[in-house]
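Visitor: Could you take me through one part of this model up close? I am new to this, so please explain the terms as you go.

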Amino acid sequence: MRPPLRFTSVPSAPSSRTSSSSPALSRRGLLGASAAGLTTAGLAGAGAAQAASPAARRRTRAARTEPGRSGMRLRWLGNNGWEIRIDRPGAKPATVLIDPWLTRFPTGTYTEEGADPQTPLVVHEHVIDRYRLRADQILVTHGHYDHLPDVPHLASTTGATVWGTESHANMLLALAAPHRQGTLRDQLSVVAGGEHVQLDGYSIRVLRSLHSMTGPRSRVPFPGTRPGGPPPRPQTIADLVEGGTLAYAITSDATGFTLVNFGGSNFSAADLDGLAPDLAMIQPGGASVPGYVPRLLSCLDHPPYVVPTHWDDFDEPLDEPAVDWGGLEELRRAVRDAAPETRFVVVDHLESFTP
Ligand SMILES: [Zn+2]
């Protein structure tokens, strides 16, 4: 059977390594950033930004996106995995994980042959534990094997609230060890898109979104939902279906800075209305979407920062520099053409960026 996930580009060779563990700016990120669009004005609150007219909103956005003023730190965990640390005055920073997937078993997804649907699904808890992640929230964008399978273990080790659709929740329960299912069930927050949730020092907006469509028939790979209760325990990568796709926007109360993450290279334009984030984490690809990058950036009101995500070949190790599966430069060009003032900041594996 022809595998559904298939890309034709050949991965490029890895570049030399920059710092791997310090919470500093990625050197590659700085080199990849444009100096345009910087301002020196002060910060603005979240409420003011949301209530203002589009022009005023743009001015306050330019003010709070002066480098280093976001109150957030982004660390890339590979694929669409991100650790977002949010500073909170007078309290410990909050940590939000998005699609944390650290096991990274080989699937051949980015080879000419593509991924074999019968590839056994594995979760290596000892690999996940090596990264000592903490989390208050874990956000799941969709159910596929490169996004969801490590979440039950991380829910167990962090105690975080886990956000996802009913299908994601059911697949997470099916993956969890039987003695952990009750605790996991208590941690799940089933969302549909459209929610805007206030938390301690930050808020999360859940956005209905869409998955990439690939191949000659423009299909969502491993499509489907799992409503009504946990399915049988997933055995292969094909058993983890999309289950709906969400995007998430996170806003710091202290600075008003808003980032948005897309778990697939597609989007629902109507659901982005009025968002105008400061930073967008977007993916290469989107070949099936007319005007993917310019239209997405237009819907987002041309954010000051774009940070590419999901651009590494995940058959390659997380502890070494990311290997581009072939879409990064095309994305960089598309962003430059559509939004010349936007800073395109590339963060390498396990490196951090403080906007
Ligand atoms: Zn997917």
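Guide: Let's start with Arg343, which lies over the face of Tyr305, at 4.4 Å from the ring centre. A charge counts as sitting over a ring if NZ of Lys or CZ of Arg is within 6 Å of the ring centre and within 35 degrees of the ring normal. Before we go on, note that this is a predicted model: local features need pLDDT of at least 70, side-chain atom pairs count only at pLDDT 80 or more, and totals for chains, interfaces and linings use all residues. Residues are numbered from 1 along each chain as its sequence is written, and side-chain values use heavy atoms, with hydrogens and water left out.

Now look at the partner of Tyr305. Phe257 and Tyr305 form a tilted aromatic pair, 6.4 Å centre to centre with 55° between the planes. Rings of Phe, Tyr and Trp (its six-membered ring) pair if their centres lie within 6.5 Å; planes under 30 degrees apart count as stacked, over 60 as edge-to-face and the rest as tilted. Phe257 is in the loop between strand 9 and strand 10 (258-262), while Tyr305 belongs to strand 12 (residues 305-308), so the pair ties together parts that are 48 residues apart in sequence. Strands (E, at least two residues) and helices (H or I, at least four) are DSSP runs, numbered from the N terminus.

Are these two rings buried or exposed? Phe257 is buried, at 0% relative accessibility, and Tyr305 is buried too, with a relative accessible area of 2%. Buried means under 20% relative accessible area, exposed over 50%, and partly exposed in between (1.4 Å probe, protein chains only).

From Phe257 we can step to Ile250. Leaving aside neighbours within four places in sequence, Ile250 is in contact with several residues, among them Phe257, Thr258 and Leu259, as well as Ile84. Contact here means heavy atoms within 4.5 Å.

Ile250 also takes us into the largest nonpolar core, where Leu74, Ile84, Ile250 and Ile282 touch the most other members out of 52 residues. Such a core is a set of buried Ala, Val, Leu, Ile, Met, Phe, Trp, Tyr and Cys residues joined through side-chain atoms within 4.5 Å. Strand 9 gives this core its largest share, 5 residues. A second, separate core has 38 residues, including Leu121 and Tyr131.

Finally, step back to the whole protein chain: buried residues make up 55% of its 355 residues.
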